[in-house]
Amino acid sequence: MTSPAPIAEQRETPRPGPAAAPALSIDSVSHAYGPRRALMDVSFNVQPASFTALLGLNGAGKSTLFSLITRLFGIQSGRVGIFGHDISKNPGEALRLLGVVFQPRTLDLDLSLTQNLLYHAALHGISRREAAARSAELLGRIGLTERAGSKVRDLSGGQMRRLEIARALLHRPRLLLLDEPTVGLDVKARADIISHVRQLVSEQGIGVLWATHLFDEILPGDDLVVLHQGKVLAQGPMSRVVAEAGAQDVNTAFMRLTGAQTLPGGGI
Amino acid sequence: MSGITTRDTPRGFSFQEYMTCLTGIVWREGLRFLHQRERFVSALVRPLVWLFIFAAGFRQVLGISIIPPYETYILYEVFIAPGLMAMIQLFNGMQSSLSMVYDREMGNMRTLLVSPLPRGYLLFCKLLAGTAVSLLQVYAFLLIAWFWDITPPLSGYLTVLPALILSGLMLGSLGMLISSGIKQLENFAGVMNFVIFPMFFASSALYPLWRVQEGSPYLYYLCEANPFTHAVELIRFALYGQINWVSLAVVATCTIVFMIGAIYAYDPSRGLARRGLAGGEG
């Protein structure tokens, strides 16, 4: 098995690494909190340069799954691989290739934007000089160069999210996980973040797993995984999932699959 | 799913990457500390209250005989100074543990734990960072105490450093171990009552142990068994350029035990996240 391209070369090679290993592979993963079963035999893949939406209600098991992938919980049964690296056996290699945006804000509010980025870079062993260069570049890309020295506390919700995404990209991961990243944002900020992430997929070949309960964030070309009460009910290209459910759109498909009531406006 | 290979050997991390990570964590902890000016002030005021008020009132009550490492009769203030230095570190260790619980509730902890470096090493860096902060506090205290006639030999300021690092690590890892068991922030009051106060009072910080022995032999044994007593004695002797070997052995052993315990408790397949996020796991 060939290992993924060295991190330093990633940006110069927008094409994804060897096709052998998916960016993320979830293989028969089950998880229980005591007697309560949160995930049951969950399996799916995220391919490099693809946008995979993980669609589920609150409590469907999305956060548990994220905690397993990021090694916050130990895996009870099944396997999680990131570009072929088993997260339990070789967490170092796996986590190097992974960038995460958690649902709760995880920035140091009293530190500046740059300080937050430098701290994250240090956690990945990126030298100070390199880290400063990358931070400046990423801040430019998210349009916050002028705010580099201000405290994170003074940013808007949308700006914080953009900063968190920039931070998750600092160590140039090839798989990006986002756990309901648009929650609590206004329409404009939401649209900005979605288009930014989609750009990362198309231009840099990053594999994205995007957990959401908002249908309008999913496009027909995306891969879709429907998670409900800890089980995968359907997966595949969105158009196929919708067609197989005998529905016209994702909204109806989801309703048919889960028996859930949807609210007007596209959310669950 | 064929993606996962059977031959998957870790590439490991270079020495430089380890050092970058360590300096980054210490740097951030220092920045955070500087931003919390109240924390610095209260960390300094607490021992000074003991020194200026408690010791001044108490010196007439308690006579101190000549006990090692002291070679002459000493003022009570001089006697409790090492105890107060250890107290600063005790509070700091517990406060870092509090901030870890806070970080965990707020999600900041996740940033640390998704670093690809080995988790045990990350926690060790965090401990070193907390210890570094406690050193700042202790030396600031010593500076002020110097004007209050607490004047150990100048070389003592240097020889006490390794003792302070070791005791800082011990108290920090104890705090970390405790923090892994705390589910919520509010429980910190319990830590005050059940950890900080008993450890501080049942130790040689405020009174020589032979005095305690006269009063209650049982309490004496308790004090002798208290690792905090040995942290105090280690610091006391080191401040006068001497080594208390028993205390050194106790503090070193406790540091290792607490640290292993804390790293074990923060292992993903056990403690931390499962308890913290799932709640009521018990």
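**Chatting about helix H3 of chain A**

Biologist: Hi! Which residue just after H3(A) takes a positive phi?

Modeller: That's A:Gly125, with a positive phi of about 75°. Keep in mind that this is a predicted model.

Biologist: Sure. And H3(A) itself, how many of its residues are buried?

Modeller: Ten of the eleven are buried, so the helix is largely enclosed by the rest of the structure.

Biologist: Which ones are they?

Modeller: The buried ones are A:Leu113, A:Gln115, A:Asn116, A:Leu117, A:Leu118, A:Tyr119, A:His120, A:Ala121, A:Ala122 and A:Leu123.

Biologist: What covers them?

Modeller: Both chains take part: the cover includes helix H4 (128-141) and helix H5 (157-169) of chain A, along with helix H1 (15-35) and helix H4 (108-113) of chain B.

Biologist: Okay, on to the two chains. How many residues are in contact there?

Modeller: On the chain A side 43 residues are in contact with 36 residues of chain B. H3(A) gives the most to that side of chain A, with five residues. Other elements supply at least two residues each, among them strand S1 (24-33), strand S2 (36-46) and helix H2 (91-96).

Biologist: What kinds of residues make up that side of chain A?

Modeller: A mix: 15 nonpolar, 18 polar and ten charged.

Biologist: New topic! How many helices and strands does chain A have overall?

Modeller: Chain A has eight helices and ten strands. Of its 268 residues, 49% are buried.

Biologist: And what about contacts within chain A, far along the sequence?

Modeller: Taking contacts between residues at least 6 apart in sequence, 67% join residues at least 24 apart.

Methods
Residues numbered from 1 in each chain as written. Chains lettered and ligands numbered in written order. Predicted model: local features only at pLDDT ≥ 70, side-chain atom pairs only at ≥ 80, totals over all residues. Helix = DSSP H or I, 4+ residues; strand = E, 2+ residues; numbered from the N terminus. Buried ≥ 20, exposed ≤ 12 C-beta atoms within 10 Å, placed from the backbone. Contact = placed C-beta atoms within 7 Å. Nonpolar A, V, L, I, M, F, W, Y, C, P; charged D, E, K, R; others polar.
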